[in-house]
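Please explain how selected residues of this protein are placed, from its surface to its interior. The account should suit a reader who works with computed structures.

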Amino acid sequence: MDFIKRQLSRITRVKTIPEDLHETSLRRCLNTFDITLLGIGHMIGAGIYVLTGTVVREKAGPSAVLSFLFAGTAALLSALCYAEFGARIPKAGSAYSYTYVTIGEIWGFLIGWNIILEHMIGAASVARAWSGAMDAIFNQAIRNGTIEHIGRLSHDNEWISEYPDMVAMGITLIAFLIIGFGAKISVNFNSVFTILNALVLAFIIIIGFTFADPSLWSSSSGHGGFFPFGFSGTLSGAATCFFAYIGFEGIAIASEEARDPEKSIPRATVLSLLTVTTLYLLVTAALTLMIPYYETNTSAAFPFAFDEVGAHWAKYIVAVGTLLGISTSLLGSAFSLPRSVYAMAEDGLLFGFFSFVHSKTQTPIYAVIVFGALSALMALLFEITTLVEFMSIGTLFGYTIVAASIIILRYQPVSKCQFKLRAEETQTEAAEPVDTSVVNVSETTPLSKSDPSTPVKTDKSGLLPKSKSHDDFGRLRQNLREVPILRRFEPGDGVKSAVVLMGLFMVGLMLVVIEGAEYLRTATWWAVLLVIVFSLLIVIFYLVIVAHEKNDAFLTFQIPFVPLIPALSMLINIALMLSLTYLTWLRLVIWITVGLLLYFVYGIHYSRENKKIQGYGPMVEYKGDAALPESTMSGMTEEVKALQPSRKDEGLYQQ
């Protein structure tokens, strides 16, 4: 039993935050504008030029506009959680670091492991999209030439590519080569490509709407209407569209290289997401109003659409924009991947040589080389559709854990909170100086915490007005302290348990809603009953969280309406995860199993937190005689002195 407790304490230990959070081996050289363009560039590449066609034709039709809106809303809720943590923990690990600090090591490792997979697949899938766009310009000459001279890899296999994509592999290697030269050079490339791409998108929107046919959204036109796949198709499309917004995580990862992360990260996150969501809605609307959804070309949606409406000249401008946009997405994934690996290696959870930073470029060079090569290999061999679905589920899993971490952090007691807080203040801190000429020294007048030399006003009874102390954080509210079940929990533990249970019942609710949709339509009693029961349980545990005292005393950016916004983020992310295929879930389970094997073989033993715990051994070990000399005991006598005001203050009060 003791062995199990020791192991549980090891895997749930939290990361100790260093005294100086801004200290880093990387170079702090990025401003808000740089980081905003990094986020926009990462999000508007493959999402617009590749995903839009796939979602419109195969999943949602014209209602893909709503799919992008739903996915953007879910992304914004998650992004706000990221922004709060990114401002508070300006480190490259992003969700990995946030979870490690708040919930514990094994959860942090799993999130970090999924982030690595996310960015590897992100780079590979975007490279495949770049290759496909280039091939479309040359009328499939690259594909046909490769099959003719090298041969096929597979026939109709959803995992393995039809042919070895040498172009995708080559462009991936070039992207990681640029990243290897340093953050500022990488971001400068990204900024130029992003601005040029924005101009092309403006062109697509303006010219596209000039060919708009509103009847294509009407069900009476014979084109399937706005919801040709039903509302479930719209939701399924939203789960896939979430891939398009994944780039905002790169903003948080860039926080370790931001000059002023406390301000830059929240601003860049919100600005980039609002910009990107607006662009997605407009270009999707333009596409679905130009041609019927079922005529959309999934590999080159916009060039094909302009060709269909007779604007042949426009498709070449769009083709150039496609390459520019996809290049920014590729650079974004290539930028984030080695920094995620670096963060885990720096903490000892991955092999130490990955944390080596090159003295000239100030980049984690071995992480760039090894994971750049792995991404290039994936781009060579795997199909883009498989890559995208696999990435979405791991990302949604990470976002759910980050949202839960925000709630847990906000209700932690001060004893477990590692962040600096504002000084305690009374509610009247109305701490106006009292007229000292009428104060009698015999009266016990409390002093202001912010300025010990300044007395504060008391009410007529001579007592301080009621105020919330930092010691209350994580405890039940004053009027609920006697609730029988909840009062048994230590401060913060009740909220942590409630968050876990609320998350489990959210999974149950979404399973019934998604998998039992047919039964709900016919109002089958057991399906309706399950929805009611799960909904009530979610509300109950949400109210349990609200019943505790919340910590709003952090010095850095805080999202409003906690726990509401993080709870909504959890619910939406869980719904999107459960909308993905069973095969995608199987892939996630396999990847997590490999990660857990690596953690228990290597990470748990070489973790920096494990070394810290082991380091305390010699300090507490004593093997000498327990009897101490009398002289030593006499020297330990405690001298207690009465607390008195200084002579200066004493004279002031006696005046």
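The paragraphs below treat the surface, then two buried residues, and then the cavities. The structure is a predicted model.

On the surface, F351, F353, F356, Y366, I369, V370 and L374 make a nonpolar patch of about 620 Å². One of these residues, V370, belongs to helix 15, which spans residues 365–381. The relative accessible area of V370 is 32%. Because residues of a patch must have over 30% relative accessible area, V370 can be counted in the patch with its value of 32%; V370 is classed as partly exposed.

Helix 3, covering residues 46–60, contains T54. Since a residue is called buried when its relative accessible area is under 20%, T54 is buried at 17%. When residues up to four places away in sequence are not counted, T54 touches K59 and T298.

I545, located in helix 19 (residues 525–546), is also buried, with a relative accessible area of 0%. Leaving aside residues up to four places away in sequence, the contacts of I545 are I407, Y411, V495, A498, V499, M502 and P563. I545 and G474 are separated by 71 residues in sequence, while their C-alpha atoms are 9.3 Å apart in space.

How many cavities of 30 Å³ or more does a search of the whole structure find? The search finds three. The second largest holds about 50 Å³ of space. Its lining consists of I408, Y411, Q412, P413, K416, P491, G492, D493 and K496. Y411 thus appears both in this lining and among the residues that I545 touches.

Definitions and conventions
Residues numbered from 1 in each chain as written. Predicted model: local features only at pLDDT ≥ 70, side-chain atom pairs only at ≥ 80, totals over all residues. Heavy atoms only, no water. Patch = residues over 30% accessible without salt bridge, like charges linked within 9 Å, V, L, I, M, F, W, Y side chains within 5 Å. Areas by Shrake-Rupley, 256 points an atom, 1.4 Å probe, with all protein chains shown as cover. Salt bridge = Lys/Arg side-chain N within 4 Å of Asp/Glu carboxyl O. Helix = DSSP H or I, 4+ residues; strand = E, 2+ residues; numbered from the N terminus. Buried < 20%, exposed > 50% of the residue type's maximum accessible area, 1.4 Å probe, protein only. Contact = heavy atoms within 4.5 Å. 1 Å grid on protein atoms, 1.4 Å probe; cavity = no way out; pocket = protein on both sides within 12 Å on 5 of 7 lines; lining within 4 Å. Points joined across faces, edges and corners; volume = space filled by probe spheres on them.
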